[in-house]
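Open the model in your viewer and keep the selection tool at hand. We will go from one stop to the next, selecting as we go.

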Amino acid sequence: MKLKIKMKNKNERLSEVVGLAPVIPVLQFNDPEIAVQTSRALVAGGLPVIEITLRTPQALACISAVAKQVEGAVVGAGTVMTPGMMRDCVEIGCQFLVSPGATQDLIEANQKVDVPLLPGVATPSEAMGLMAEGYEFLKFFPAEQAGGPQYLKSLAPVLQGLKFCPTGGLTAEKAPQYLALDNVVCVGGSWVAPKEKIAAGDWDGITELAAAASALDR
Ligand code: 3PG
């Protein structure tokens with residue numbers, strides 16, 4: 001019989017992760033050293049939860065380096081699309097997994113690993129399907145393009161009990177509109193570590209952006 005790891009435990013762990021900061025930086029790296037330096041700058045600014053997307057050849061090495069070398073960081077893998085990708089991330093010590101959407105294969109694969117998944121949705125039907133599987137925390141993606149804060153607000157009275165992490169197209173100016181909603185626990189975005197600042201090695205600049213983001217109310 002295949003092992004099914006309890007959703008209750010995973011929801012509790014996700015609740016802890018999303019509770020650590022109002023913003024989850026969503027980042028893409030192909031160099032572990034740069035990933036470590038950027039993550040240190042983010043943690044120093046008060047954003048310990050970091051999502052590194054699986055969109056480069058060295059993404060797994062970057063996640064692994066941050067998990068081992070950055071004190072205080074809680075590292076997750078983003079853009080997890082297949083069961084194989086999920087297993088690879090679990091093996092290297094990812095603390096949470098994020099996917100842009102959810103397939104049945106991905107949901108079943110997650111039942112066999114001990115790392116929580118934050119799956120993406122953009123419609124009530126998708127959210128209802130995941131609710132039926134026991135999920136309490138979902139990514140709302142792509143947030144700005146799929147309807148923004150007004151759309152997400154209109155889901156709250158019907159999808160009771162679900163909490164969202166809107167991601168996609170957010171900025172420092174837009175984030176507060178989402179964080180003000182009752183059904184939003186945190187938001188995700190890349191604005192806290194812009195590519196130009198990473199390329200310039202402007203770690204203090206990234207720490208400043210992170211500090212501003214970590215001070216947002218929710
Ligand atoms: C992503 O998958 O890259 C995230 O949704 C981040 O989106 P953003 O760059 O628009 O913040």
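Select Ile-24, Val-26, Glu-51, Val-98, Leu-118, Lys-139, Cys-165, Thr-167 and Gly-188: together they line the largest cavity. Remember that this is a predicted model. The space inside the largest cavity is about 30 Å³. The count comes to 1 cavity of 30 Å³ or more. Now colour the lining of the largest cavity by residue class. You should find 5 nonpolar, 2 polar and 2 charged residues.

**The largest pocket**

Next, move to the largest pocket, which holds about 500 Å³ of space. Which residues are closest to its centre? Select Val-26, Leu-27, Gln-28, Arg-55 and Ser-190. They belong to a lining of 25 residues. Val-26 is worth keeping on screen, as it also lines the largest cavity.

Now show the elements around the largest pocket. β1 (23-27), β2 (49-53) and α10 (195-200) each give two or more residues to its lining. The largest share comes from α10, with 3 residues. By class, the lining of the largest pocket divides into 11 nonpolar, 9 polar and 5 charged residues.

**Helix α2 against α3**

Select residues 32-44 for helix α2 and residues 59-69 for helix α3. Two packed helices are described by the angle between their axes and the distance between the axes. Here the angle is about 45°, and the axes lie 8 Å apart. Angles from 35 to 65 degrees fall outside the parallel and perpendicular ranges, so α2 and α3 are oblique to each other. Their crossing is right-handed.

Show side chains for the contact. From α2, pick Pro-32, Ala-35, Val-36, Ser-39 and Arg-40. From α3, pick Ala-61, Cys-62, Ala-65, Val-66 and Gln-69. The contact of α2 with α3 is made up of 7 nonpolar, 2 polar and 1 charged residues.

**Helix α2 against α11**

Keep α2 and add helix α11, residues 203-214. The axes of α2 and α11 come within 7 Å and cross at roughly 40°. That makes α2 oblique to α11. This crossing is right-handed.

Which residues make the contact? On α2, select Ile-34, Gln-37, Thr-38, Ala-41, Leu-42 and Ala-44. On α11, select Trp-203, Ile-206, Thr-207 and Ala-210. The classes here are 7 nonpolar, 3 polar and no charged residues.

**Two backbone stops**

Most residues other than glycine have a negative phi, and most peptide bonds are trans. The last two stops concern these backbone features.

Zoom in on Thr-79, in the loop between β3 (74-78) and α4 (83-91). Phi of Thr-79 is near 55°, a positive value in a residue other than glycine.

Then go to Pro-142, in the loop between β6 (137-140) and α7 (143-146). Is the peptide bond from Phe-141 to Pro-142 cis or trans? It is cis, with omega near -10°.

Note on methods
Residues are numbered from 1 along each chain as its sequence is written. This is a predicted model: local features need pLDDT of at least 70, side-chain atom pairs count only at pLDDT 80 or more; totals for chains, interfaces and linings use all residues. Side-chain values use heavy atoms; hydrogens and water are left out. On a 1 Å grid over the protein atoms alone, a cavity is a set of points where a 1.4 Å probe fits but cannot get out, and a pocket is an open set with protein on both sides within 12 Å along at least five of seven lines; lining residues have an atom within 4 Å of a point. Grid points are joined across faces, edges and corners, and a volume is the space filled by probe spheres set on the points. Helices (H or I, at least four residues) and strands (E, at least two) are DSSP runs, numbered from the N terminus. Ala, Val, Leu, Ile, Met, Phe, Trp, Tyr, Cys and Pro count as nonpolar, Asp, Glu, Lys and Arg as charged, and the others, Gly among them, as polar. Axes are lines fitted to C-alpha atoms, for helices over the stretch in contact, and angles run from 0 to 180 degrees between N-to-C directions. Angles under 35 degrees count as roughly parallel, over 145 as roughly antiparallel, 65 to 115 as roughly perpendicular and the rest as oblique. A crossing is left-handed if the near helix is turned anticlockwise from the far one by less than a right angle, and right-handed if clockwise. Contact means heavy atoms within 4.5 Å.
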